[in-house]
Amino acid sequence: MPQEIRFATFNVFNLAPPGVKLYDNLEPLTAQQYEAKLDWTARQLDRLDADVVGFQEVFSQDCLRAVLARTLRYCGAAHAGFDPDPAAERLTPSVALVSRLPLLAPAVARADFPPGVALPGDGRDAARFVRAPLQARLALPGGSELDVLVVHLKSRRPDYRNGERGDDALQVALANLRSLIRRGTEAVALRVLLDELARGGRPRVVLGDFNDVADAVTTGIVLGAGECGGEAPGRLYDSLQVQRRQDSLRHIGYTNIHDGRYMTLDHILVSEEFNAASRYAIGEVLEVNYLNEHLPLALPQASDHGQVLARLRLYGARG
């Protein structure tokens with residue numbers, strides 16, 4: 001029988017303990033709000049029923065463990081993630097991985113940019129990700145192996161510096177440019193890291209919040225797609241674009257609503273081993289689905305992102 005495996009990406013939106021101050025403009029969760037958030041997140045995770053899930057905006061891995069304990073499908077799943085520095089003045093978000101496929105080695109947080117990649121200038125954290133990607137090696141059915149990378153690129157939020165104001169057009173433009181430069185540099189660092197993983201010879205899947213649409217320059221850098229037929233070694237493919245089930249109505253998925261605009265900022269990328277058009281394919285993307293009906297409702301306990309689910313079929317498992 002064909003073997004199906006399912007991958008998902010899930011921005012849980014400020015998953016943090018009650019009473020903890022995260023941002024100046026955001027009130028901490030009350031105990032009641034925290035319980036409601038855990039319940040909603042656990043139910044949504046069970047709805048996904050994915051074998052591998054990448055999470056973003058996890059402020060406490062203990063909170064994610066509390067979510068898993070409330071699920072029906074993930075109580076025995078492997079969980080990998082890292083909490084922020086306990087000496088830091090304020091909690092910062094990180095990513096995490098939950099897998100029903102076996103982990104073959106401890107997951108690794110890739111906080112530093114690869115050699116040769118850095119932000120212009122010598123500012124603080126010029127050669128580090130704002131939120132470190134998480135790299136894991138998993139066992140696929142049939143004995144093969146898979147590299148998974150969970151990512152969360154720099155947000156679109158303007159990067160204001162001391163004394164700059166949001167009511168000055170030039171300062172707003174410069175703050176947006178700094179944010180874009182940061183996100184673009186992180187995309188380059190990811191591309192170099194993915195080239196490194198490609199040399200390992202294993203299939204690759206990237207799960208994450210890219211804070212940009214699929215055809216943005218930053219996303220294209222991560223994909224490794226080039227102009228005039230030039231492509232980076234080990235390029236990736238947007239699972240939505242290579243899914244087997246293609247029809248116009250399935251291309252209206254979105255994962256975020258901002259100022260009335262519907263956007264897809266969360267993506268699942270796959271290597272050519274899961275692109276049916278490749279001669280090296282060991283499987284294919286059957287279809288990609290979006291769980292986003294909660295977004296227009298703006299439920300206080302829900303995420304402000306939709307979840308993406310990709311169903312893959314492994315050829316080697318055919319009977």
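This tour goes through one sheet, the helix packed on it, and a buried aspartate in this predicted model.

**The sheet.** Start by selecting the six strands that form an open sheet in the order E3-E4-E2-E1-E14-E13. Pairing within this sheet is mixed. Look next at the two ends of that order: E3 (78-81) and E13 (283-291) are edge strands with a single partner each, so one side of each has no neighbour in the sheet. On average, neighbouring strands are turned by 15° against each other, direction ignored.

**The E3 edge.** Select E3 together with E4 (residues 94-99). The two run antiparallel and are paired over four bridges. Within this pair, Ala78 is found opposite Ser99 of E4.

**The helix on the sheet.** Now add H1 (residues 31-48), which packs on the sheet. Helix H1 touches E1 (3-15), E2 (52-58), E13 and E14 (307-314). The direction of H1 makes about 160° with that of E1.

**Asp209.** Move to strand E8 (residues 204-209) and select Asp209, which lies in it. Which side chain of opposite charge is nearest to Asp209? That is Arg131, 6.4 Å away. A salt bridge requires a side-chain nitrogen within 4 Å of a carboxyl oxygen, and Asp209, although buried, has none. For a polar partner, display the backbone nitrogen of Asn211, which lies 2.9 Å from a polar atom of the Asp209 side chain.

Finally, show the surroundings of Asp209, leaving aside neighbours within four places in sequence. Its contacts are Thr9, Asn11, Gln56, Val151, His152, Leu153, Leu265, Asp266 and His305.

Note on methods
Residues numbered from 1 in each chain as written. Predicted model: local features only at pLDDT ≥ 70, side-chain atom pairs only at ≥ 80, totals over all residues. Heavy atoms only, no water. Pairing = 2+ DSSP bridges. Axes fitted to C-alpha atoms, helices over the stretch in contact; angles between N-to-C directions. Contact = heavy atoms within 4.5 Å. Buried < 20%, exposed > 50% of the residue type's maximum accessible area, 1.4 Å probe, protein only. Lys, Arg positive; Asp, Glu negative; His and termini not counted. Polar contact = N/O pair within 3.5 Å; in protein donor to acceptor, adjacent residues only side chain to side chain.
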